[in-house]
Amino acid sequence: MVNISKSQSESSYTPEKKRKSSLFLVILIPFFLQISTAVGLTGWLSIRNGQKAVNDLASQLRQTTATKIEQYLKNYLETPHLLNQINIQAVKLQQFDILDAEIRQRQFWEQLNLFSGIESIAFGSTNGDFTAVQYTPDKSEITLIASNVSTENRMTIYGIDEIGNRTDLIKVKSEFDPRTRPWYQSAIQQNTEYWSPIFTFLSYPQLLVLPASTPVYNRDGDLLGVLDSRLYLSGINKFLANLEIGKTGKIFIMERDGSLVATSTPEPVTMQTETGAKRVKAEVAENELIRLTAKTLAERYNNLAAMENIKQLDFQLNGERQFVEVLPYSDEKGLDWLVVIAVPESDFMEQINTNTRITILMCLGALTLATAISILTTRWVTQPIIRLNQAAKNIATGKWESTIDIHRQDEVGELAESFNYMGKQLQTAFENLEHKVEERTAALAESNQQLEKAKEQAEIANQAKSEFLANMSHELRTPLNGILGYAQIMQRSQNFSEKEHNGIGIIQQCGSHLLNLINDVLDLSKIEARKLELLFTEFHFPSFVQGIAEICRIHAQQKDIDFYYTPGENLPIGIRADERRLQQVLINLLGNAVKFTDTGSVTFCAVTLKVTQDSTQYSLHFEVKDTGVGMTTEQQAKIFLPFEQIGDRQKQLEGTGLGLAISQKIVQLMDSQIKVSSIAGKGSTFWFDVEVAEAKEWGTTSKTLNQGTIVGYQGRKRRVLVVDDRWQNRSVVMNFLEMLGFEMTEAENGKEAWEKMIALPPDVVITDIMMPIMNGYELLERIRSSENLKDVVIIASSASVFESDQQDALNTGANVFLPKPIQTKELLKILQQYLNLEWVYEKQAKVSVEVAQVVETDTVIPPSQEVLQELLTLVEDGDIQSVVETVEELQKSQGTSTTFTQEILQLANSFQLQRLQTFIEYYLDSN
C-alpha cells in the first residue's frame, strides 16, 4: 500500500521533459536588443548631426561671404556716380568750366588722386571734344588722353607729372569721336545716371572697364556733353581672391547673359579672337567648378534673367557634392549681376569623417562591454531561478528529500528557504502516514476474525488521514503562502519580461499542483481608471482654427485687448482628429488667456512642425500667449489639478477650476502634454504638440454638414466669383456654393479677379478686403466705374469686425458686408435677397430642377429597383467613384447610353450629391 501511495503521488504531476525556451536567452536577448538599439541610435544620431553641421556650416559660410561681397560692391560701385554728381553740381554752380580742356585736365587729375577706386575720368562734349585722365592698367602712372581740333580729332596720349601738368607726347592713335561711343549714347538715351555696357581697351584687351555715365547740362538746360567715371573690374577680382571660402571654393560674378564680370581665380575673363577681345561666358570658363556651376544654374533655372531672390542649391561634381549660393545684385542705375559662391563639401568633411570613425569605434567598444555585462547579469539572475524550478518539479513528483543550496539575502534566497521548509514538512507528513497505514495493515493480517475490527480501524485510519490532510493544509499554508507570495512579487516586477514572468510562474504552478486542496484559485484583479474616448472625424483644418480664433477675438474685443492670430503657411488642409475635443482644449486655453488679461494682448498661433515624407502625418504646434497676471512657480505646479484656481477672488468665481485639468487629460489622450511658461505680473504661455493624420475626404464631410435644408435653387445658373488671397478661404465658399448649383470662379487678388470679370462677367462677387497686388477697395472702385460691370452684386467679406472697415467697404461700392468666418445662413440670405432666388428645400417636391427638365424633354427608362437601391446606398455613403463605375457597367450591359445614365454621370462628376440623391429617389418612388 505504501508503494501504491507513492506511485499515485508521483503520477499526479508529470513535468515536461523538453524545455520550450531558455530563461537565459529570454533575459539576455531583450538586454542585448535594448543595448544595441541604444548604441546604434546614438551612433546614427552622431553621424546625422555631423552631416547637419556640415550643411549648416556651408550655408552660414555662403551667407557670410555673400554679405561681404554685397557690402563691398555697394561701397565700390557708388563712388563713380558720386564723383559724377560732384562735377555736375560744380558745373551748375559755375564752379567748374567743364568745356575748358585745361580746367578739365586739372580737375580730373585732382579727383583721380583723391577718390580711391576710380581708374579713369572722361568727358565728351557735344562738339566732339574729348578729355580723359586715367591710370595705366598696372596703376604705375597717370596719362592724359585728348581728342579735339588741336589734335586733328585724333586720340593723343600724354604723360602727366606729379603735380598734374601735361608732359611729353606718348602716342598718337586714330581719329576718335566720343559721340559714337556706347557710354556716350547710352547716357543720352537714358538721360540720367546710368551704367554703360562693360568694354575693353584696345591696347589692354584683358582688362574689363565699367563706365558710369551721366549727361551734363548747364544752368539753362542745354546739353554740354557726357561725363564718364570708370572702374577697372580687376579690383573686384583682387577682392574675391582674398576672400576665404573653404579650401577650394570659388566665387564668380556674371551678367544675366552668362558673361563673366570677375572671379576669385587668376584665369582671364576675356579671350582674344581674330576680331578682337571677347568676353568669356561662365559656361565655358577654364575652371571646372565655375564652368559646371554655371551649367547647373542654366539647367535648373531656364531663365537667369528672371531670378530675383537668393537661391541655394547643390550638385555633384566628380562624385562629390558642391554647395552653391546665388545672390542677385542690381541697382536702379542699370546694373544687374549674379554673384555665385560654390564650395565643395570636402572642404568641411575631413574633421567630420574623423569624428565619425571615432564615434563608430567607441560605439562598438561600448556594445561589446555592455554585452559582456549583460551575459554576466543574466547568469546571476537565471541560475537560482533554474535551480528553484528543478526543485519544484522534484517535489511535485514525490522527491521530498530535494533541497536547494542558495546563499542569498534577496527574495530568491527567501524563496529557496521556503522550498526547503516545505519539502521537510511534506516528507515528515508522508512518513507518519506511511507508518500508520503499515500498522493498520499488520493488524488486519493477524486474524480474519478481526476483520470487522480491522474495517473499523481502517475507517479510523481513513478518518485520521482526512484529519491529517486537514492539519497538513494548515501546516503547509504558511510556507506555501510564502512561496506563492514571493513568486507574485517577482512576477509584478517591471524588471522582467512577459516570458520571464512565465518562467517564474512555473514555481507557482508546481506549488498549486501539490496542494490544490489548500489553494483553489489565486485571483489577481486590475482596477482600470475611467478614460475619455476620442471620436475621430475628418474636417477642414484652416477654417477650424480660423473659427476658434474669431470666437476668441470677439471676447478679447469686449475686454478692449488686442488679439493676434498667426497661422503657419504650411498648415494641412484636412486632418483626422477629435474636432470637438481639440476645439474644447483650444477654446479653454484662449478663454483663460483673455480672462486673466486686462491690458495688452493675447496671441494664438498654429503651425506645422514637421511632415512625414509621404505627407500623411503632421506634427501640429499650438501656442497661446498673453500679457496677463502670470503665475508664480507654486501656482504653475497646481494649475492642472482639479478645482485649483489662481487670480483674484472675482476671477475665481467665474470658473470651476476644472478646465485645465480636463484639457490636460484630453491632450494626454492625444499622446501629448500641455506645457506652461509664466512670470508673475508679465503673462503666461501655454503650448502643446499633437500628431494628426491627413484627411483626404474632408470635403465630402464638410458638404454633408453644411447643406442645411436648402439643396438648390430654381432658374438659370448664377455665376459667382470668389476673390481671396488665401486659397483655404476660397475653397470653403466654393465647395459650399457648388453644392447648390452655382457656377464658381476664383481669383487670388483684385487684378486677377478684374481680368476674369472682363472675360466672363459674374452675377455675384464675394471679395476679401486686404489682398496683395490689388486690394478689395481698389477692385470695388474699378467695378463701380465700369459701364458693363457696375451693376454686379458685390459682397465684401473680411475677418475684421470693426465698424470703420465695414463702412469703408460699403462706401466704396459693396452691396453688403459679410464678416468672417462666413456664416452660411447669412450668405444664403444675401444671395436670395440680391439675386431674387427661389430656393429648393429638402422637404419640397422631390423632383429637382434637373429631374423636371429631363422628364419634360425625354422619356427616361430607369433600371431595376435593385440597381436604384444600390446607387442610392452608394450616394448616401458619399462613394462617388463606385457610383460612376456602377453606371458605366450598366451602360456596357445595355450596349447604349440612356438619358438616365447620362444624367447620373453628369451629377456624379460635378459632385452634386443632394441632387443626385433626389434624382434617384424620384424613380424609386415612381416604381
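1. A word on terms to start: helices (H or I, at least four residues) and strands (E, at least two) are DSSP runs, numbered from the N terminus. Counted that way, the protein chain has 26 helices and 30 strands. Please keep in mind as you look around that this is a predicted model.

2. Some overall figures may help you get your bearings. The protein chain has 927 residues, and 46% of them are buried. Its accessible surface comes to about 50600 Å², with 50% of that belonging to carbon and sulfur atoms. If you take the contacts between residues at least 6 apart in sequence, 62% join residues at least 24 apart.

3. Next, have a look inside. In soluble globular proteins, nonpolar side chains tend to be buried together. Here the largest nonpolar core has 71 residues, and L73, L77, I236, M254 and W337 are those with the most contacts inside it. Helix α2 gives this core its largest share, 10 residues. To see how L73 is placed, leave aside its neighbours within four places in sequence: L73 is then in contact with I236, I253, Y329, W337 and V339. Apart from this core lies another, of 39 residues, and among them are A549, V585, M631 and V692.

4. Helix α2 deserves a second visit, and two of its residues make a good pair to look at. The helix covers residues 23-92, and L25 is placed in it; N87 lies in helix α2 as well. Which of the terms buried, partly exposed or exposed fits L25? With a relative accessible area of 43%, L25 is partly exposed, because that term covers values between 20% and 50%. N87, by contrast, counts as buried, at 1% relative accessibility.

5. What surrounds N87, leaving aside its neighbours within four places in sequence? The residues in contact with N87 are F96, Q107, F108, Q111 and L227. As for L25, this residue helps to make a nonpolar surface patch of about 350 Å², together with I29, F32 and L33.

6. Now for the aromatic rings. The structure holds 14 aromatic pairs. A pair of aromatic rings is described by the distance of the centres and the angle of the planes. One of the pairs is formed by F130 and W183, which are 6.1 Å apart centre to centre, with 50 degrees between the planes, and this pair is tilted. Why does this pair tie together separate parts of the chain? F130 lies in strand β2 (residues 130-135) and W183 in helix α4 (residues 182-190), so the parts tied together are 53 residues apart in sequence. Both rings belong to buried residues: F130 has 3% relative accessibility, and W183 has a relative accessible area of 4%.

7. Y713 and W839 offer another arrangement. Their ring centres are 6.5 Å apart and their planes stand at 85 degrees, so the pair is edge-to-face; the angle has to be over 60 degrees for that label. Y713 is in strand β24 (residues 710-713) and W839 in strand β30 (residues 839-841), and the pair links these distant parts of the chain, 126 residues apart. Y713 counts as buried at 4% relative accessibility, and W839 does too, at 3%.

8. One last stop among the rings: F539, F541, F544, F622 and F688 form one aromatic cluster. Try picking out these residues in the structure above.

Methods
Residues numbered from 1 in each chain as written. Predicted model: local features only at pLDDT ≥ 70, side-chain atom pairs only at ≥ 80, totals over all residues. Heavy atoms only, no water. Patch = residues over 30% accessible without salt bridge, like charges linked within 9 Å, V, L, I, M, F, W, Y side chains within 5 Å. Areas by Shrake-Rupley, 256 points an atom, 1.4 Å probe, with all protein chains shown as cover. Salt bridge = Lys/Arg side-chain N within 4 Å of Asp/Glu carboxyl O. Buried < 20%, exposed > 50% of the residue type's maximum accessible area, 1.4 Å probe, protein only. Contact = heavy atoms within 4.5 Å. Core = buried A, V, L, I, M, F, W, Y, C linked by side-chain atoms within 4.5 Å. Phe/Tyr/Trp six-rings, centres within 6.5 Å; stacked < 30°, edge-to-face > 60°.
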